[in-house]
Structures are given as C-alpha cells and as structure tokens.
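Let's take a friendly walk through this structure, following its charged side chains. Have a look at the sequence and the model first.

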Amino acid sequence: MHDIRAIRDDPDAFDAAMARRGLAGVAGDILALDEARRARIHAAESAQAEQNRASKDVGAAKAKRRRGRIRAAARAGLREEGRGGRRCRPRRATSISS
C-alpha cells in the first residue's frame, strides 16, 4: 500500500524507489487515475449539492403554498385540521346519564 499524498508530493522519488525494486515507474499512471477519481468525486459532490438546493427550494415552495392555504381558510372561516383542511363540524351534544 502506497501513500497517494507522498506520490503526489514527489512522484520522481516514488519512481526511483520502484526502480530500486526492479519495477517500472508508474507514478504518472497513478497520478492520472487519482486525478480522474478526484474529478468524479467533485462532480458527484456538486450534483449532491445541487440536489440539496432543489430539495430546499421545493420545501420552501410547499411551505409557502401551505401558509397561503391556511390564510385563505382563516379568511373563509375554516380551520386547518390534519390533511387537506376540513370544515369544522360542531360536536354533537352527549347526554351523561348516571
């Protein structure tokens, strides 16, 4: 296992160490793969941030629409209750017998 930061910092030293072991220098290939990986990570994080912004905007729009419905219901003498806002129904009188 090799430290990618060390390869980024000094690719020539990494290639020299590989040559001492009789292996070809591959620092350039490793750095190209690392750069592609980092670009993909950046793209994924940017897409996630955009999705989060869109979700926040949707939530704000829903809240605004709900506030508008509540105000309209209040003006019409209705009460927001549970889902969809229902007209208030008077309670039935119950007799208590002992």
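We can begin inside one helix of this predicted model. Arg37 and Asp34 both lie in helix H3, 3 residues apart, which means that about one helical turn separates them. Their side chains meet in a salt bridge, with a distance of 3.9 Å from N to O. Arg37 is partly exposed, at a relative accessible area of 49%.

Is its partner Asp34 buried or exposed? Asp34 has a relative accessible area of 8%. Since buried means under 20%, Asp34 is buried.

Now look along helix H3 to Arg38, which sits 4 residues from Asp34, again a separation of about one helical turn. Asp34 forms a salt bridge with Arg38 too, and here the closest N and O atoms are 3.9 Å apart. With a relative accessibility of 41%, Arg38 counts as partly exposed.

Which residue from another helix forms a salt bridge with Asp34? That residue is Arg8, and the closest N and O atoms of this pair are 2.7 Å apart. The salt bridge links distant parts of the chain: Arg8 belongs to helix H1 (residues 4-9), whereas Asp34 belongs to helix H3 (residues 27-75), and their positions lie 26 residues apart in the numbering as a separation. Arg8 is partly exposed, its relative accessible area being 30%.

Put these pairs together and a network appears: Arg8, Asp34, Arg37 and Arg38 are joined by salt bridges that share partners. The structure as a whole holds 5 salt bridges, including the ones that Asp34 forms with Arg8, with Arg37 and with Arg38.

Terms used. Residues numbered from 1 in each chain as written. Predicted model: local features only at pLDDT ≥ 70, side-chain atom pairs only at ≥ 80, totals over all residues. Heavy atoms only, no water. Salt bridge = Lys/Arg side-chain N within 4 Å of Asp/Glu carboxyl O. Helix = DSSP H or I, 4+ residues; strand = E, 2+ residues; numbered from the N terminus. Buried < 20%, exposed > 50% of the residue type's maximum accessible area, 1.4 Å probe, protein only.
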